Amino acid sequence: MKTLQTYIDKLNALNFKEMYNNDFFLTWEKTDDELEAVWTVADALRYMRENNISTKVFESGLGISLFRDNSTRTRFSFASACNLLGLEVQDLDEGKSQVAHGETVRETANMISFMADVIGIRDDMYIGKGNAYMHEVADSVEQGNKDGILEQRPTLVNLQCDIDHPTQCMADMLHIIHEFGGVENLKGKKLAMTWAYSPSYGKPLSVPQGVIGLMTRMGMEVVLAHPEGYEVMPEVEAVANANAEKSGGSFRRTNDMAEAFKDADIVYPKSWAPFAAMETRTTLYGEGDTEGINKLEQELLAQNAEHKDWCCTEDLMKTTKDGKALYLHCLPADINDVSCKDGEVEASVFDRYRDPLYKEASYKPYVIAAMIMLSKFDDPAAILKALEERGVPRIFK
Amino acid sequence: MKTLQTYIDKLNALNFKEMYNNDFFLTWEKTDDELEAVWTVADALRYMRENNISTKVFESGLGISLFRDNSTRTRFSFASACNLLGLEVQDLDEGKSQVAHGETVRETANMISFMADVIGIRDDMYIGKGNAYMHEVADSVEQGNKDGILEQRPTLVNLQCDIDHPTQCMADMLHIIHEFGGVENLKGKKLAMTWAYSPSYGKPLSVPQGVIGLMTRMGMEVVLAHPEGYEVMPEVEAVANANAEKSGGSFRRTNDMAEAFKDADIVYPKSWAPFAAMETRTTLYGEGDTEGINKLEQELLAQNAEHKDWCCTEDLMKTTKDGKALYLHCLPADINDVSCKDGEVEASVFDRYRDPLYKEASYKPYVIAAMIMLSKFDDPAAILKALEERGVPRIFK
Amino acid sequence: MKTLQTYIDKLNALNFKEMYNNDFFLTWEKTDDELEAVWTVADALRYMRENNISTKVFESGLGISLFRDNSTRTRFSFASACNLLGLEVQDLDEGKSQVAHGETVRETANMISFMADVIGIRDDMYIGKGNAYMHEVADSVEQGNKDGILEQRPTLVNLQCDIDHPTQCMADMLHIIHEFGGVENLKGKKLAMTWAYSPSYGKPLSVPQGVIGLMTRMGMEVVLAHPEGYEVMPEVEAVANANAEKSGGSFRRTNDMAEAFKDADIVYPKSWAPFAAMETRTTLYGEGDTEGINKLEQELLAQNAEHKDWCCTEDLMKTTKDGKALYLHCLPADINDVSCKDGEVEASVFDRYRDPLYKEASYKPYVIAAMIMLSKFDDPAAILKALEERGVPRIFK
């Protein structure tokens, strides 16, 4: 039987001291030990919640969410993570604030952070912008803390940017680890990150990029499959290549979905927009060229429609390892004849994997909470132990 | 002098074990003991708050509110109830989420519930839809909990559906109980649930239906009065009839407001839309028939306007028991020459009952909190006792 | 080294017993001791937070925010203050509620206050309305508490009205006190509250009015400078005159910005709308005269544009005391060539004072929290002591 001590022992064997008072932007900026620490704390927090041990480490404090897009999942994941640790969420959105009226990032970042222990940002729309914006915010509050304006230094958690979607991919990976019984069992496993058709356009690249940037570190055989013209950022492919080399796995690209699926242990079929087109769109937005944006949208939709055969069908699933590859998705999926006529996946495939998909999603709040804890405490293992000893139940008894 | 032990003793004499890990949809799905348990816990929680004893039973946890309509009262009542128990409210509304973009109920219900201990839903617009939707959500999270996706099973509280408005009617009833000095004093009392004119149209039927479905259980003489054409759902009238028979009271319908008011101990004059028209409207909405909806609205407004004499006047109030019937309303009321020219009630009547009306409303947060507690704890009496012994003050001293 | 006892001793020497169970509308309705108590508790709370001592005095309870305008700063300041004390914020805005649909103030005030310990209101748009509305709300909940509807009496905190902006000015003053090393060092210091050009119109008068109504109490030489036609409310000028006389300082008005800046120790250059024009606008809004409002706006913008020379330049700053006057602003400022072409201040001036400006802002949450504490506890000094003895850390250790 697992006990909390198992997780504490595991943590004590890892080196993650650089995470203290630090932020979480991209998985490939973190060491293997640091990622392992996130999964371990996430599992420990889940264990504690399931055993009715309060993990409230903040008596007061705010978690600020700053979302450039609407999002049920990420919003509730962030709110859940904050709540689990004792932080109250305050949303900063343009409708509620004066951000839209010309305030500088530095000023706003400080003004919202007087009681903020964490800032979660989702900004994935514009290539070259989201991650940069997050760094601007993080630098601002770091400086604000140094200057004595902010009593504490809020941690920044990247809830999805133009480059990576670390909370999603770390949750995906934790799901994989649990399904395969441990990181040590992933060596040599084949993972197919493949494009799939969707009737909408402009879906972010952060998921495929995050997946190839993370999954290549475990010694897996990672294949990125997409139609010609749907390339991801070359910098991230370079990361994937370097990772694979170091981890003893492999990374390659193909334009053949069937080849990617063949004998795969894990498949992740999902739509995304071409990187180059998103760059163009970012420029058009910058220029306020509405006509250009509309024209681009029509072109992209037409381009997508040429690839309706890129669908995760039952036939394709049969070609995977024992016909039983683990099917992943960040949700919501475009399901054939359910959410749209033609989409990313056949309804029967999706339905068969519904439970594992929801479990996959359920790791995200714990992953976010773990990222916060690892930034806020220099000895989180000791904190977990002390929380167990404190023994305050989450639900009174 | 009342002590907490009084409520605990009362609870211990009741059988409400089926409420544990269960939801609250309609009052007539609950036994008399179960309803009594709600009122008893509500009174106990109010007693504790008034005596500065913290009733925080959750160290962390979320209360999700899902409102299809705007609502000051219900929103703040739910937030107050959650806060009283230690849950943080997170609103799921379409503006903030992707619900509108084709997510299935099952998926959304799970995605928002990873840390959710309660989900409160208000969905009263469309006949045949609101209650059904609530069941879909409740079934989804029940299944999610069984499948190991959700660590806990969130309780669903019906904050108003197309059939019943249980938190309102339970608060109304608790108010009546306090005004009349106990449930045992209600036998034979006459309650007039009557339609009243309003210049707006399409007001929900859940209040009159909830009232006749609940108040007929106490041995009262319940009269439902409305102009011809303003019938409520026949299923609920059947419930009222069965209740009256069982409780030794009576239920009857009249088209004569004066007759209903005559010698009444309690009057509840309030506008609502005709059931049949709401069914039609639901169909028209389903078909996206805007022209049909507008036409129906005009017809209904014209129909309403024929019954401006259905108003709670001073003259009518004089005909009630000793001229002093308890006047009830779920608020906000349409008050003559205040919120509109002609409305549901004369200003002087409303003014005279302002205090009791606000008290009536003040029970709702406690009723909601009681529903949550009865679902979350298998021995709430023991919990109340333990909270008193814990003796944490709500406000530090 | 400062200890908490320093603040407690200071508090014990002050008379502020009238603040208990009271509200905070205008600074000039408070005694000097009462203002001193606010600053002292604010400093104490900040000391405790910086020393990781939890100041959570509420186990549960709501802080209601009611904002007629959007506002990042005030919103987050209020949320931070509430969170610091253990209150959960619930926003009442028209989009989320039925306030817009004819509810009376009295009814709404009670309906949202069943669990409310504090109500923060910002209502600064219409001359003669905002402060009056706040009183209406405060009177309603005071009555509701007396009538047994509300278990507690929520405190009202004025987060900006048409007359004063007490949380801003009290924070400004606390900043000045810290910069000058104590209230006792302010006697004879020259403070210039001056109008400055902005390309927007209709900025509230509450800041200049709040400043002259407060800063004249410390024996300072307060100068109000503005172009002809930008007069503030005469009632507030009368307050400033009386204050100055009593405090041994002075208050005078000039139409010459340079004269105001000359040898000033503190400068507060900021745009505002002419009082008389705001009165006219209030009337036009009341009459729904859109054409009149638009015409007035054009006139005011044209009038503003005649005074582009009213800018806080480097040249002007050089004329202040040692060229180093403390520059104040409530933020956001209109910065030349940053937020607009011509504005209130040159970019290099603003940049040089960025740190102090952010510190100035950082006092606001503590000032608001102090106002709440002083209203909620009859012996806040004892509470601070007890909190220190309780020794619960804000962040678990």
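**Contacts, symmetry and packing in a predicted model**

Biologist: How many residues does the contact take from chain B, and how many from chain A?
Modeller: Residues are numbered from 1 along each chain as its sequence is written, with chains lettered from A and ligands numbered from 1 in the order in which they are written. This is a predicted model: local features need pLDDT of at least 70, side-chain atom pairs count only at pLDDT 80 or more, and totals for chains, interfaces and linings use all residues. Two residues are in contact if their C-beta atoms, placed from the backbone, lie within 7 Å. On that basis chain B gives 29 residues and chain A gives 29 residues.

Biologist: Which element supplies the largest share of the side of chain B that touches chain A?
Modeller: Helices (H or I, at least four residues) and strands (E, at least two) are DSSP runs, numbered from the N terminus. Strand E2 (88–91) and helix H4 (105–111) of chain B each supply at least two residues of this side. The largest share, 4 residues, comes from H4(B).

Biologist: What relation does the rotation that superposes chain B on chain C have?
Modeller: Copies are superposed by least squares on the C-alpha atoms of residues with pLDDT of at least 70 in both. Chain B falls on chain C after a rotation of 120° with 0.0 Å of shift along the axis, and the RMSD is 0.0 Å. The relation is therefore that of a three-fold axis.

Biologist: Which residue of chain B has the C-alpha nearest the axis?
Modeller: Two copies of a chain are related by a rotation about an axis and a shift along it. In chain B, the nearest C-alpha is 4.5 Å from the axis and belongs to B:Glu88.

Biologist: At what angle do helix H6 and helix H15 of chain C pack?
Modeller: Axes are lines fitted to C-alpha atoms, for helices over the stretch in contact, and angles run from 0 to 180 degrees between N-to-C directions. H6 of chain C spans residues 166–180 and H15 of chain C spans residues 364–376, and their axes are 9 Å apart. The packing angle is about 115°.

Biologist: Which strands stand at the edges of the open sheet in chain C?
Modeller: Two strands pair if DSSP finds at least two bridges between them. The 5 strands of this sheet have the order E7-E6-E5-E8-E9, with parallel pairing. Each edge strand has a single partner strand, so one side of each is left without a neighbour in the sheet; the edge strands of chain C are E7 (250–254) and E9 (326–327).
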